[in-house]
Every structure is written in C-alpha cells, then in structure tokens.
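Q: Please take one part of this model and look at it closely. What does that part touch, and how do its residues sit in the fold?

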Amino acid sequence: MQMTGYMFKNAEYRQSLKQSLEKSAALLPGEAPAAQIASSVTGKISVDMGGQKVEVNAAAFVADLHAEVAQLKSALARVQAVPTEGGGQGALLSYMATLPREQLQTLSSDISSDVLECMEMLIETVLARDAGGLGGATVVEGTGMKMRELLVWQLIIGYKLRELEQRDQLNKLMAK
C-alpha cells in the first residue's frame, strides 16, 4: 500500500507538471499558418518509402504534413475534452488509467533506495510494536477496522514519502 501511495503522489505530480506545461504552451507565440509555410516551400524532395525512393512536390508534402498535424491535434483535443468521472473527483484515477503501461510502470521505477529502506523499516516497526516482534511468515490476525486503518496509514505514508523525495530532489536542483 505504501507503494500505491507513492505511485498516486508521483502520478499527481506528473499530472500537475503536464497541466502546467499545457498552460505555458498556450502562452507561446502561435505557429505560422500552414498555407503561408506551404507557399514558401518550393522544389521537390526525395522520400524513402520502404526502400523505394520517390520524388514529391515539397509544397504538397508540407501541406499533407500540416493536415495530418491538424487531425492529430483535433483527436487530442477530443480525448482531453472527455470529462473525468465523478465531476473531477476521479481525475487522478482517470489520468492514471489513460497512461500507457510503460509510463505507469515508471511511476514507481525511479523510487530511491532510501525510500524503499524507509518503507521496510516502517513496516517492521509497526509489526514489532503491535505484535511483539514478528518475523518470517507469521500470520497476524486483526479486526477489519484495524486492517483498514493500517492500509490507509500505509497509503498516506507512501504518498508523503514521495512528496518528501520530490522536495529533496527540488532542493538539490535549486542548490546547484
């Protein structure tokens, strides 16, 4: 559960960065219109299509590229316009659900050895305190309420550990 909390904080951090970048991209100067660029391109270009070289009018090729970019932008806008579940309450889960498997795995792949060690120490400390020094494959029984408390506690600890790790990384960057 600590790892899940860690992943949630990492996903929230990435989502926040993505939103910030999207907002700042809107502030950048606009692109030149496709027609203006296509009219300034002249000549022919050679394109390798599966081992076969084909000569194409450069202006037509650029116009096709701009049309494809426009299609991709509109598709992206449609995907981004889909409302999140629960009126915004499930935004983080929706964001995580849209991540490709490789990006989802990176949410926990860059975890530092210090954080892993801290997670292990916390679990060992709780088990030692509550159950008198358990080890190995000992089975521990408890009430459902105590298990829920333990799971929520671990989720929060993982979340806070990632937050502390991010703060430490930013402090190191700012100190340079």
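A: Two residues are said to be in contact when heavy atoms of theirs lie within 4.5 Å. The model is predicted, and the part chosen here is helix 1, residues 2-26.

K9 is placed in helix 1. Leaving aside residues up to four places away in sequence, K9 touches Y159, R162, E163 and Q166. K9 counts as buried because its relative accessibility is 11%, and buried means under 20%.

Q15 is found in helix 1 too. With residues up to four places away in sequence again left out, the contacts of Q15 are A91, L92 and Y95. The relative accessibility of Q15 is 16%, so Q15 also counts as buried.

Y6 falls within the range 2-26 of helix 1. Residues up to four places away in sequence aside, Y6 touches L107, S108, D110, I111, S112, V115, M119, G158, Y159, R162 and E165. Y159 and R162 are thus among the contacts of Y6 and among those of K9.

Y6 also belongs to the largest nonpolar core, a set of six residues completed by I111, V115, M119, I157 and L161. Helix 6 (113-131) and helix 7 (144-175) each supply at least two residues of this core. Another core, of five residues, lies apart from it and includes A11, M96, L99 and L107. As a general point, nonpolar side chains tend to be buried together in soluble globular proteins.

Definitions and conventions: Residues numbered from 1 in each chain as written. Predicted model: local features only at pLDDT ≥ 70, side-chain atom pairs only at ≥ 80, totals over all residues. Heavy atoms only, no water. Helix = DSSP H or I, 4+ residues; strand = E, 2+ residues; numbered from the N terminus. Buried < 20%, exposed > 50% of the residue type's maximum accessible area, 1.4 Å probe, protein only. Core = buried A, V, L, I, M, F, W, Y, C linked by side-chain atoms within 4.5 Å.
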